[in-house]
Amino acid sequence: LLLGLNADLGGTAVEGNGQWRLGSREAGSARINFAPLSFATLQQIWPAAEKAKPWPFSGLVAGNLVFRGTGLAPGKWDGSISVTRLEINPNWEQAATAPVRLALRNAGPVTMEFDHRSLRIRTARLIGQETNVEAEGTFTFASESPWDLRLKGAVNLELAREFAREVNATGIARLDANVRGALADPQLFGR
């Protein structure tokens, strides 16, 4: 079975292709490419429970998704995600009083792998004004404590003010920390 996809998702072109052998134990695969997709569009298609509060950031993401597995067992598929463009900006309504507009973007592809158990960040480097952070680790699905991430680098603390108006911080922080814990209450450990 050969598959093709050409779609418009909130004004973003999504295209892909794949092939599977139906009734076979042989694996098939597919690739989906997405042009810059806004976080606003992503929030519109996010599960209803997450839509209640506006996300505290805006931006966009572009890249591709590759997945493979036996055609009749999608729960056993695995794959990879490569983000070629990522931009994260504070929600400008919340950050209107900030003196400097700070944002984050990727420096090189953000690469991840996934299966039915987890999503693993292999490489992620985000940069911004006086900010350079690398991340790697795992987010485990169906876990009470899904976060297991490591963050390392330098962060301009004015970013905090951009994303949360009640925070007042300046300077550069060196970061070598782990994020662990519950989905709604991740904990930061380290320095």
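**Exercise 1. A salt bridge between two strands**

In this predicted model, find how far apart the closest N and O atoms are in the salt bridge of Asp148 and Arg180, and work out which parts of the chain the pair ties together.

*Solution.*
Step 1. Look at the two side chains: Asp148 and Arg180 meet in a salt bridge with an N to O distance of 3.3 Å.
Step 2. Place each residue in its strand. Asp148 lies in strand β11 (residues 147-156) and Arg180 in strand β12, so the pair ties together parts that are 32 residues apart in sequence.
Step 3. Check the surroundings. Asp148 has a relative accessible area of 37%, so it counts as partly exposed. Arg180, at 38%, is also partly exposed.

**Exercise 2. More salt bridges**

Decide whether Asp115 and Arg120 are buried or exposed, and do the same for Glu87 and Arg85.

*Solution.*
Step 1. The structure holds 7 salt bridges, so let us take two of them in turn.
Step 2. Asp115 pairs with Arg120, and their closest N and O atoms are 3.7 Å apart. Both Asp115 and Arg120 are buried.
Step 3. Glu87 pairs with Arg85, with 3.0 Å between the closest N and O atoms. To be buried, a residue needs under 20% relative accessible area. Glu87 is at 27%, so it is partly exposed; Arg85 is at 36%, so it is partly exposed too.

**Exercise 3. Following strands β1, β2 and β3**

Trace the pairing from β1 to β2 and from β2 to β3, using Gly18 as your guide.

*Solution.*
Step 1. Start with β1 and β2, which pair in the antiparallel sense over 8 bridges. Here Leu3 of β1 stands opposite Gly18 in β2.
Step 2. Look at the turn. The hairpin of β1 and β2 has 2 residues between the strands, and Gly10 takes a positive phi near 60° in this hairpin.
Step 3. Move on to β3: 6 bridges join β2 to β3, and these strands run antiparallel. Gly18 appears again, now opposite Ala30 in β3.
Step 4. Compare the faces of β2 (residues 12-19). In a regular strand the side chains alternate between the two faces of the sheet. In β2, the covered face holds Thr12, Val14, Gly16 and Gly18, while the uncovered face holds Ala13, Glu15, Asn17 and Gln19.

**Exercise 4. Ala35 and its neighbours**

Which residues does Ala35 touch, leaving aside those up to four places away in sequence?

*Solution.*
Step 1. Locate Ala35 in strand β3.
Step 2. List the contacts: Ala35 touches Thr12, Ala13, Val61 and Ala62.
Step 3. Take one of these contacts, Thr12. Ala35 and Thr12 are 23 residues apart in sequence, with 6.0 Å from C-alpha to C-alpha.
Step 4. Ask about cover. With a relative accessible area of 30%, Ala35 is partly exposed.

**Exercise 5. The partners of β5**

With which strands does β5 pair, and over how many bridges?

*Solution.*
Step 1. Strand β4 (residues 57-70) is joined to β5 (residues 78-90) by 12 bridges, running antiparallel. For an example of partners, take Leu65 and Ile81 of β5.
Step 2. Strand β7 (residues 110-114) pairs with β5 over 5 bridges, again antiparallel. Ser80 has Glu113 in β7 as its bridge partner.
Step 3. Strand β6 (residues 104-106) is joined to β5 by 2 bridges, in the antiparallel sense. Here Ile88 stands opposite Leu104 in β6.

**Exercise 6. The nonpolar core and a surface patch**

Find which residues touch the most other members of the largest nonpolar core, and then locate a nonpolar patch on the surface.

*Solution.*
Step 1. Recall the background: in soluble globular proteins, nonpolar side chains tend to be buried together.
Step 2. The largest nonpolar core has 21 residues, and Phe39, Leu42, Val61, Val83 and Leu86 touch the most other members. Several elements supply at least two residues each, including β3, α1 and β12. The largest share, 3 residues, comes from β5.
Step 3. Zoom in on Leu86: beyond four places in sequence, it touches Phe39, Leu60, Val61, Leu104, Arg105, Asn106 and Leu126.
Step 4. Turn to the surface, where Leu1, Leu3 and Leu22 make a nonpolar patch of about 300 Å². Leu3 has a relative accessible area of 41%, so it is partly exposed.

Definitions and conventions. Residues are numbered from 1 along each chain as its sequence is written. This is a predicted model: local features need pLDDT of at least 70, side-chain atom pairs count only at pLDDT 80 or more; totals for chains, interfaces and linings use all residues. Side-chain values use heavy atoms; hydrogens and water are left out. Patches are made of residues with over 30% relative accessible area and no salt bridge: like charges are joined within 9 Å, nonpolar side chains (Val, Leu, Ile, Met, Phe, Trp, Tyr) within 5 Å. Accessible areas come from the Shrake-Rupley method with a 1.4 Å probe; for residues, only the protein chains shown count as cover. A salt bridge is a side-chain nitrogen of Lys or Arg within 4 Å of a carboxyl oxygen of Asp or Glu. Helices (H or I, at least four residues) and strands (E, at least two) are DSSP runs, numbered from the N terminus. Buried means under 20% relative accessible area, exposed over 50%, partly exposed in between (1.4 Å probe, protein chains only). Two strands pair if DSSP finds at least two bridges between them. A nonpolar core is a set of buried Ala, Val, Leu, Ile, Met, Phe, Trp, Tyr and Cys residues joined through side-chain atoms within 4.5 Å. Contact means heavy atoms within 4.5 Å.
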